[in-house]
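Biologist: I have a structure here and a pile of labels that go with it. Could you take me through how each label was earned?

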Amino acid sequence: MVKRNPTQFLVDEYKKIQAEGREWVHRKLETPSVPEVVVDGKKLLMLCSNNYLNLSNHPHLKKRALEAVEQLGVGSGSVRAIAGNMAIHEEWEQKHAEFKEQEAAVVFMSGFIANEGAIPPLVRKDDFIISDELNHGSIIDGVRLTKTQKLIYKHCDMGELEKRLQEVDKADPNGEKRILVITDGVFSMDGDMAPLDEIQKLCEEYGAMIYVDDAHGDGVLGKDKKGKGIVDHFGLQGKVHVELNTYSKAMGVIGGAITGSKDLAMYLKNTARSYLLSGSHPPSVAGAAIGALEVLNPKSKHFEPVVAKLLDNCGYFKKEIVNIGFNHEITAAAAKCPTAIVPVICGENDVARKMSDRLMEEGIFALPIVFPMVPRGTARIRVMMNAGLSKEQLDMALGKFENIGRELKIF
Ligand SMILES: Cc1ncc(COP(=O)(O)O)c(C=O)c1O
C-alpha cells in the first residue's frame, strides 16, 4: 500500500499561495472599528472598513445589545423553526421590513448565508438564472447550489441582459419555467450601481423574478438621505421581488435579510436550508440591529443624520481624489455614484501594493485590491468612506494620497 500523508497538501498549498503573493495577511485591530484605530500597534486612519455609518461602536447600538443580553441571555438555544424564534428576532424582521417599505423579511446569519440559502429554493432543475458577470461570490455560490440553467450577462449591459431573456423565452415558449435575474445593487470592486430601473422593466416584460443584493446600498442609497437602499433610490418598492440586505456593513452589526413579500418570507422560512439548519442570532445581535434601525429612523428619538454625513464625506472625497490626479475612468465613474466605495486606481499590482504600504507608513489603513480580483492593470486602493470621518481627517488622507501618488508616478 502506498504511504499517504493526508494533510501534506495543506502545507504545499499554503506555501504556493505565499509564493504567488496571494496570501491574505490578517492585520490585527486592537480598538473598536472607528475612524481612528490601532492596527498591529500602529495608530491609523481607517479607510477600509464597511462600517459606513460608523455604527459598530455606537452607544445606542451597544445599549440595545447589552439590554438584550441582560433580558434574554447570550444565545437563542436553537434554530428559528424549532425553539430559537425569539420575539426579538421577529421584532428585528418587522422593523427591517418597515424600514425597507416592504411587506416582510427573513433574517439569516449573514448576507453570504442569506444568498446561499435563498437562491436555491427560488428555482427548480432546468429553470433559468441570469446573473451579472461581476456579482458577488456569495451570489455565485448560491447559484452553484442550484441545478438550474445558468446564463451570464456582461456587467450592467442591458442589451446583453435582454438577449439572455430572449434566449430563455425562445427555449421556453410555453412560459413553464421560472426565470430569476440576479444582480448586485452596488458592485463592491468598482462602487458602481446596477441600472435597477432598466433591469426591472426588462424583468417585467419577460415575466422574470428580480433579485437584488443591496449589501453596499443599505444605509447609503435612497431618497432624502434616508439610506433605505437601491430599491428606494429608483422608487421600485413592491416591484423588486427579492432584496438581500446585510447588517455587517453600514448597519455596523452582522446578519443578512431577505426582504420582499409575505409570500416570499413564509416560503423561505420553510425551504431555505441555511435558515432552517443553522442556529438563530444571539439576542444581542438582534438588539444592536434594531438599535441601528432606530438611529436611521427620522421618527425615532434616537435618530441621527448619519446617512447625510456619510454622503457628504463620499461626495467630498470622491471629487477631491479625482482632482488630485487619480482620474482613471473607473475612479471617475465611481465619483459620479452616491456610493461609499471609492476605487482609487493605481495600475499594476505592485504599484497598488506599494501605495498601500506607503499609506500605512503615513498613518492610513487602506488595502490594495489586485489582479485576479480585478482586471489586470486596474489594481487599486479600495477606499471605504465613513460617516465618522471629519473634514480634517479626509484632507489629511487626501494629502497623503496626493504625495504618495506622485512619488509612485501614478500621475
Ligand atoms: C455584494 C455582497 N453581498 C453579500 C455579502 C456578504 O455579506 P455578509 O458580510 O453579511 O455575509 C457581501 C460582503 O462582502 C457583499 O459585498
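Modeller: Sure. Domain bounds here come from an automatic or database domain assignment, and the model itself is predicted. The chain is divided into domain 1 (21-50 + 305-407) and domain 2 (59-296).

Biologist: How do you know where domain 1 and domain 2 are in contact?

Modeller: Two residues count as in contact if their C-beta atoms, placed from the backbone, lie within 7 Å. On that test, 19 residues of domain 1 touch 18 residues of domain 2. The centres of the two domains, taken over C-alpha atoms, are 27 Å apart.

Biologist: Which elements give two or more residues to the side of domain 1 that touches domain 2?

Modeller: Those are α12 (306-324), α13 (329-335) and β10. α12 gives the most, five residues. By residue class, that side has 17 nonpolar, two polar and no charged residues.

Biologist: What makes β10 and β12 edge strands?

Modeller: Strands pair if there are at least two bridges between them. The order in this open sheet of three strands is β10-β13-β12, with antiparallel pairing. β10 (341-347) and β12 (368-369) each pair on one side only, so they are called edge strands.

Biologist: β12 covers 368-369. What makes β12 and β13 a pair?

Modeller: Two bridges join β12 to β13 (residues 379-384), and at least two are needed, so the pair counts. One of the partnerships is Pro 368 with Ile 381 in β13. Helix α14 (residues 349-361) packs on this sheet and touches β10, β12 and β13, with its direction at about 35° to that of β13.

Biologist: And why do β1 and β2 count as paired?

Modeller: Strand β1 (residues 36-39) and strand β2 (residues 42-46) share four bridges in the antiparallel sense. The requirement is at least two, so they pair. Val 38, for one, has Lys 43 in β2 as its bridge partner. The two strands form a hairpin with two residues between them, and Asp 40 in the turn has a positive phi of about 50°.

Biologist: Now the ligand. Which residues come nearest?

Modeller: The shell has 14 residues, and Ser 110, Gly 111, Phe 112, Ala 215 and Thr 246 come nearest. Helix α4 (residues 111-122) supplies the largest share, three residues.

Biologist: How does that shell divide into nonpolar, polar and charged?

Modeller: Two are nonpolar, 10 polar and two charged. Keep in mind that Gly counts as polar, so Gly 111, one of the nearest residues, belongs in the polar class.

Conventions: Residues are numbered from 1 along each chain as its sequence is written. This is a predicted model: local features need pLDDT of at least 70, side-chain atom pairs count only at pLDDT 80 or more; totals for chains, interfaces and linings use all residues. A residue is near a molecule or strand if its C-beta atom, placed from the backbone, lies within 6 Å of it. Axes are lines fitted to C-alpha atoms, for helices over the stretch in contact, and angles run from 0 to 180 degrees between N-to-C directions.
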